[in-house]
Amino acid sequence: MVNSTKDILRLAPMMGYTSAPFRLLLRLLAPEVQLYTEMVSVNAVVHHPQAHYFSRFAEEENTVFQLGGDHPKHSAEVAKQAEQSGFTEININCGCPSNRVQNANFGACLMRDPERVGEMVQEMQKKVSIPISIKHRLGIDKIIDYEFVHNFVKTIYSAGCRRIIVHSRNAWLEGLSPRLNRKVPPLRPQLVYQLKKDFPDMNVCINGEINTVEKVLDHLTPSKEYHEIALDGVMIGRKIWDNPYLFAHIQQEISKNKKTSISCSSPIISPNEIIVQYFQLVQKNYHWIKDIWSVNTLMRPLTHLYHGRSGAKQWRTSVTKPYSNLKEAESLLTLSNQLF
Ligand SMILES: Cc1cc2nc3c(=O)[nH]c(=O)nc-3n(C[C@H](O)[C@H](O)[C@H](O)COP(=O)(O)O)c2cc1C
């Protein structure tokens, strides 16, 4: 069987980064990657409704809406609005360790209460017809036994969830900032493979410091190290912000690699051409996006487009200088041709 990459490669949800403009850029340079929104708080949507929570470009397609909450009925309402807004999957955040999120009883602390997460899945499934997935960790604090995460997945599986994304380390809820929680607790990918072995018809995607083409291919091909099992998907976060072209290169490499049986037809488009297309879409949508994002926020996704190339520093400085209107920012089009 030949799979397409539609949900094999995924962009990790990142607050402050994966808003619609960055997703639009990635869609242009990696058409087959599944994109994720930033986490949207269910409480915020219910108590302070604003249309921009659901903003997306029509050109994005294949974007997952991530919500953070613990209230099954409210979450289901939000899921419904997300489906109506064109998102193609709903993801429940059970991995965020921040204090603010813990105080509101969602994120990683929900791993202690799998029944509630199961209830959320079931309420959402009554309201939407798109898939519901869960992004979670391997455990919380010092709980390192496999049984904990196995029990969590077993419960959500019984509730009907068939898609998980596992950030393959624990969340330490006490004494560690969210930033350090993405670095200090050790990675234990072998447990993600154990989950795939125990729940073979669960779509299991792995996340956490996967930052090279080789690492992606390793997870997508059966290996002796991990019971001859291959995982269903790979999710990447920080490295894609630093180097958005990595997705385009991975797409190309996995389709070339015979062992993965994945086809991917999209050619790699040059950054100069991507910028032209990006500006065209920003101009086309400007009537509605100008009320949500400043011109600088719209330019920010372009910051690392020339990662690793000579002239990249001058480019970054130019992208991040203040622009008072879109016309002014269009000088970047000329600069890209001069520099590269
Ligand atoms: C700035 C930033 C914001 C993040 N925001 C979210 C979020 O909103 N929801 C979520 O599930 N994870 C969030 N994460 C975690 C990422 O989705 C991902 O799990 C983590 O960065 C590990 O993947 P990586 O090593 O490929 O970056 C965030 C990470 C970063 C760096």
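Q: In this predicted model, how many of the 5 residues of strand 8 (residues 163-167) are buried?
A: Take the two faces of strand 8 in turn. R163, I165 and H167 are buried on one side, and I164 and V166 are buried on the other. Strand 8 is largely enclosed by the rest of the structure, because the buried residues number 5 of the 5.

Q: Which residue of strand 8 is the bridge partner of H136?
A: Strand 7 (residues 132-136) and strand 8 run parallel, joined by 3 bridges. H136 has its bridge partner in strand 8, and that partner is V166.

Q: Which residues of strand 10 (residues 233-236) point the other way from G233 and M235?
A: Strand 10 has buried residues on both sides. G233 and M235 point one way. The other way point V234 and I236.

Q: Which residue in strand 10 is the bridge partner of L11?
A: Strand 2 (residues 9-11) runs parallel to strand 10, with 3 bridges between them. The partner of L11 in strand 10 is I236.

Q: Which residue of strand 10 stands opposite C205?
A: Strand 9 (203-207) is joined to strand 10 by 3 bridges, and the two run parallel. Opposite C205, in strand 10, stands G233.

Q: Which helix gives the most residues to the largest nonpolar core?
A: The largest nonpolar core holds 90 residues. L26, L29, L67, V234 and F247 touch the most other members. The top contribution, 7 residues, comes from helix 1 (residues 20-29).

Q: Why does the largest nonpolar core lie between domain 1 and domain 2?
A: The domain assignment gives domain 1 (3-263) and domain 2 (271-339). The core lies between them because residues come from both domain 1 and domain 2.

Q: Which residues is L29 in contact with, leaving aside its neighbours within four places in sequence?
A: L29 is one of the core residues that touch the most other members. Sequence neighbours within four places are set aside here. The contacts of L29 are then P244, Y245, F247, A248, I269 and I274.

Q: Which element gives the most to the side of domain 1 that touches domain 2?
A: The centres of domain 1 and domain 2, taken over C-alpha atoms, are 29 Å apart. Their contact takes 15 residues from domain 1 and 14 residues from domain 2. On the domain 1 side, helix 1 and helix 9 (238-242) are the elements that give two or more residues. The most, 6 residues, comes from helix 1.

Q: How many nonpolar residues are on the side of domain 1 that touches domain 2?
A: Sort the residues of this side by class. There are 3 polar and 2 charged residues. The nonpolar residues number 10.

Q: Which residues come nearest to the ligand?
A: The ligand has 23 residues around it. By class, this shell has 9 nonpolar, 8 polar and 6 charged residues. The nearest are A12, M14, M39, G237 and R238.

Q: Is K196 buried or exposed?
A: K196 lies in helix 7 (residues 189-198). Leaving out residues up to four places away in sequence, K196 touches V204, I229 and L231. K196 has 23 C-beta neighbours inside 10 Å, and the cut-off is 20 or more. K196 therefore counts as buried.

Q: What covers the buried residues of helix 7?
A: The buried residues of helix 7 are P189, L191, V192, Y193, L195 and K196. Their cover includes helix 6 (146-158), strand 8 and strand 9.

Q: What is the distance between the C-alpha atoms of K196 and K73?
A: K196 and K73 are 123 residues apart along the chain. Their C-alpha atoms are separated by 30 Å.

Q: Where is E61, a residue with a positive phi of about 55°?
A: E61 is not a glycine, although its phi is positive. E61 has 15 C-beta neighbours inside 10 Å, so it counts as partly exposed. Its place is in the loop between helix 2 (42-47) and strand 5 (63-68).

Q: What is the phi of N62?
A: N62 is also placed in the loop between helix 2 and strand 5. N62 is partly exposed, with 17 other C-beta atoms within 10 Å. N62 is a residue other than glycine, and its phi is positive, near 50°.

Note on methods: Residues are numbered from 1 along each chain as its sequence is written. This is a predicted model: local features need pLDDT of at least 70, side-chain atom pairs count only at pLDDT 80 or more; totals for chains, interfaces and linings use all residues. A nonpolar core is a set of buried Ala, Val, Leu, Ile, Met, Phe, Trp, Tyr and Cys residues joined through C-beta atoms within 7 Å. A residue is buried if 20 or more other C-beta atoms lie within 10 Å of its own, exposed if 12 or fewer, and partly exposed in between; C-beta atoms are placed from the backbone. Helices (H or I, at least four residues) and strands (E, at least two) are DSSP runs, numbered from the N terminus. Domain bounds come from an automatic or database domain assignment. Two residues are in contact if their C-beta atoms, placed from the backbone, lie within 7 Å. A residue is near a molecule or strand if its C-beta atom, placed from the backbone, lies within 6 Å of it. Ala, Val, Leu, Ile, Met, Phe, Trp, Tyr, Cys and Pro count as nonpolar, Asp, Glu, Lys and Arg as charged, and the others, Gly among them, as polar. Two strands pair if DSSP finds at least two bridges between them.
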